[in-house]
Amino acid sequence: MSEIAALEYAEQGIRVNAVSPGAVNTRMTDEIEAAGGRAGAAAQDEVRAQRKSGGVDPRTPASLVAWLASDAAAHIN
């Protein structure tokens, strides 16, 4: 969908990009981990798997989005 929108709006100077960082380690991830059994076994298993597979620091995708919105990325569509 983003590729089609990028093509459709490029002539109007509108850039369209998609960011898909995968699992992001957020404060909610930390809270689920700290809650232990109160969060439920499934939630705990999911957080452990995310941590083990290397969930992304939220600053990483945020920095990418900020760069894509800047003039430095004017050629990226």
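**Salt bridges and surroundings of helix α2**

E31 is partly exposed, with a relative accessible area of 48% (the partly exposed class runs between buried, under 20%, and exposed, over 50%, using a 1.4 Å probe and protein chains only). The model is a predicted one, in which local features need pLDDT of at least 70 and side-chain atom pairs count only at pLDDT 80 or more, while totals for chains, interfaces and linings use all residues. Residues are numbered from 1 along each chain as its sequence is written, and side-chain values use heavy atoms, with hydrogens and water left out.

The partner of E31 is R27: their side chains meet in a salt bridge at 3.6 Å, N to O (a side-chain nitrogen of Lys or Arg within 4 Å of a carboxyl oxygen of Asp or Glu). R27 and E31 sit 4 residues apart in helix α2, so about one helical turn separates them (helices are DSSP runs of H or I with at least four residues, strands are E runs of at least two, and both are numbered from the N terminus). The two ends of this pair fall into separate accessibility classes: R27 counts as exposed at 66%, whereas E31 is partly exposed. R27 also has P58 to reckon with: the C-alpha atoms of the two are 9.5 Å apart in space, with their positions 31 residues apart in sequence.

By the salt-bridge rule, the count for the model comes to 5. Two of the others involve R51. With D30, R51 forms a salt bridge whose closest N and O atoms are 2.5 Å apart. Because R51 lies in helix α3 (residues 41-53) and D30 in helix α2, this pair ties together parts that are 21 residues apart in sequence. R51 also pairs with E33, the two side chains meeting in a salt bridge at 3.2 Å, N to O. Here too distant parts of the chain are linked, R51 in helix α3 with E33 in helix α2, 18 residues apart. Put together, D30, E33 and R51 make one network, joined by salt bridges that share partners. None of this is peculiar chemistry: side chains of opposite charge can pair when their charged atoms come close. As for accessibility, R51 counts as partly exposed at 30%, D30 is partly exposed at 41%, and E33 is partly exposed at 39%.

R51 turns up again around N25, which lies in the loop between α1 (2-9) and α2 (27-35). At 17% relative accessibility, N25 counts as buried. What does N25 touch, leaving aside residues up to four places away in sequence? Its contacts (heavy atoms within 4.5 Å) are Q50, R51, G55, V56 and P58. For G55 there is a further detail: its backbone oxygen lies 3.1 Å from a polar atom of the N25 side chain. P58, on that same list of N25 contacts, is the residue whose C-alpha is 9.5 Å from that of R27.

Further along the chain, L64 has its place in helix α4 (residues 59-68). At 37% relative accessibility, L64 counts as partly exposed.

How values were computed. A polar contact is a pair of N or O atoms within 3.5 Å; within protein, one must be able to donate a hydrogen and the other to accept it, and residues adjacent in sequence count only if both atoms are side-chain atoms.
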